[in-house]
Amino acid sequence: MSSGLHGEAAAGTLAALFLFFAKAGAFVFGSGLAIIPFLYSGAVKEYHWLNDRQFLDAVAVAMITPGPVVITAGFIGYLAAGMAGAVLAAIAVFGPPYVLVIAGAPFYRRVAANPSVKAFVQGVTAAAVGAITGAAFVLGRRAITDLPTMLIATATLAVIVMTKKIPEPLLIAGAGLIGVLLHGSWGRP
């Protein structure tokens, strides 16, 4: 057994984590952010592995690291079921796209110019943009709770739109430091 936030995690919890994140991994198109609403609905609403704040923290921690979706999955898995949950969630979310890429690679040249395949990819891309917008809505509703967080979000968006040269992880880390300075809670529980 492995221990998470709610105590010892049973084999059923580990199996549910693996299956949930395997489903999530099967639908990662374009960007891992596209599955944030799916992760939220499962991890918070359906399975109750995390609450709203813990989920937001999981995404925030992941956004300052490489491979945000895998890190988010691992973090959620860890909170829900300890180290075993983290490993299973990370493997499960990464497995389906890996298998799809490896299995599909030999056929890519044959189908890349096919108009139906191009139309499918355009549809998937549009859906991914919609899902990422949904993720921004889900996360924004929970993260922008007062004037300082609204100002930080607006300034960050302005910097991204105007410069396009500052890496997002650096912006996120900087915004986190500004949040600490504005809320004055550095070192306090």
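1. Helix α7 covers residues 168–183, and E168 belongs to it. In this predicted model, E168 has a relative accessibility of 45% and therefore counts as partly exposed, since that class lies between the buried limit of under 20% and the exposed limit of over 50%. The C-alpha atom of E168 is 7.9 Å from that of I64, although 104 residues separate E168 and I64 along the chain.

2. On the overall fold: the chain contains 7 helices and 2 strands. In sequence order the elements run β-β-α-α-α-α-α-α-α, with both strands ahead of the helices. Among contacts with a separation of 6 or more, 61% are between residues 24 or more positions apart.

3. On burial and surface: the chain has 189 residues, of which 29% count as buried. The exposed area of the chain is about 11,500 Å², and 73% of that area is supplied by carbon and sulfur atoms.

4. Helix α3 takes in residues 52–63. With 12 residues at 1.5 Å a residue, α3 should span 16 Å, and because its end C-alpha atoms are 17 Å apart, the expected and modelled values agree. The expected figure is 1.5 Å times one less than the number of residues.

5. The buried residues of α3 are F55, L56, A58, V59 and A62. Viewed down the helix axis, the buried residues of α3 fall within an arc of 155°, so they line one face of the helix. Their packing partners are α2 (36–46), α4 and α5 (115–143).

6. A nonpolar patch on the surface is formed by F18, L19, Y78, M83, V87 and I91. Together these residues have about 600 Å² of accessible area. Helices α1 (11–26) and α4 (68–111) each contribute at least two residues to the patch. The largest share is that of α4, with 4 residues. Helix α4 thus appears twice in this note: it supplies residues of the nonpolar patch, and the buried residues of α3 pack against it.

7. One member of the patch can be looked at on its own. M83 sits in helix α4 and is part of the nonpolar surface patch. Its relative accessibility is 55%, so M83 counts as exposed, the cut-off for that class being over 50%. E168, at 45%, counts as partly exposed.

How values were computed. Residues numbered from 1 in each chain as written. Predicted model: local features only at pLDDT ≥ 70, side-chain atom pairs only at ≥ 80, totals over all residues. Heavy atoms only, no water. Patch = residues over 30% accessible without salt bridge, like charges linked within 9 Å, V, L, I, M, F, W, Y side chains within 5 Å. Areas by Shrake-Rupley, 256 points an atom, 1.4 Å probe, with all protein chains shown as cover. Salt bridge = Lys/Arg side-chain N within 4 Å of Asp/Glu carboxyl O. Buried < 20%, exposed > 50% of the residue type's maximum accessible area, 1.4 Å probe, protein only. Arc of directions from axis to C-beta. Contact = heavy atoms within 4.5 Å.
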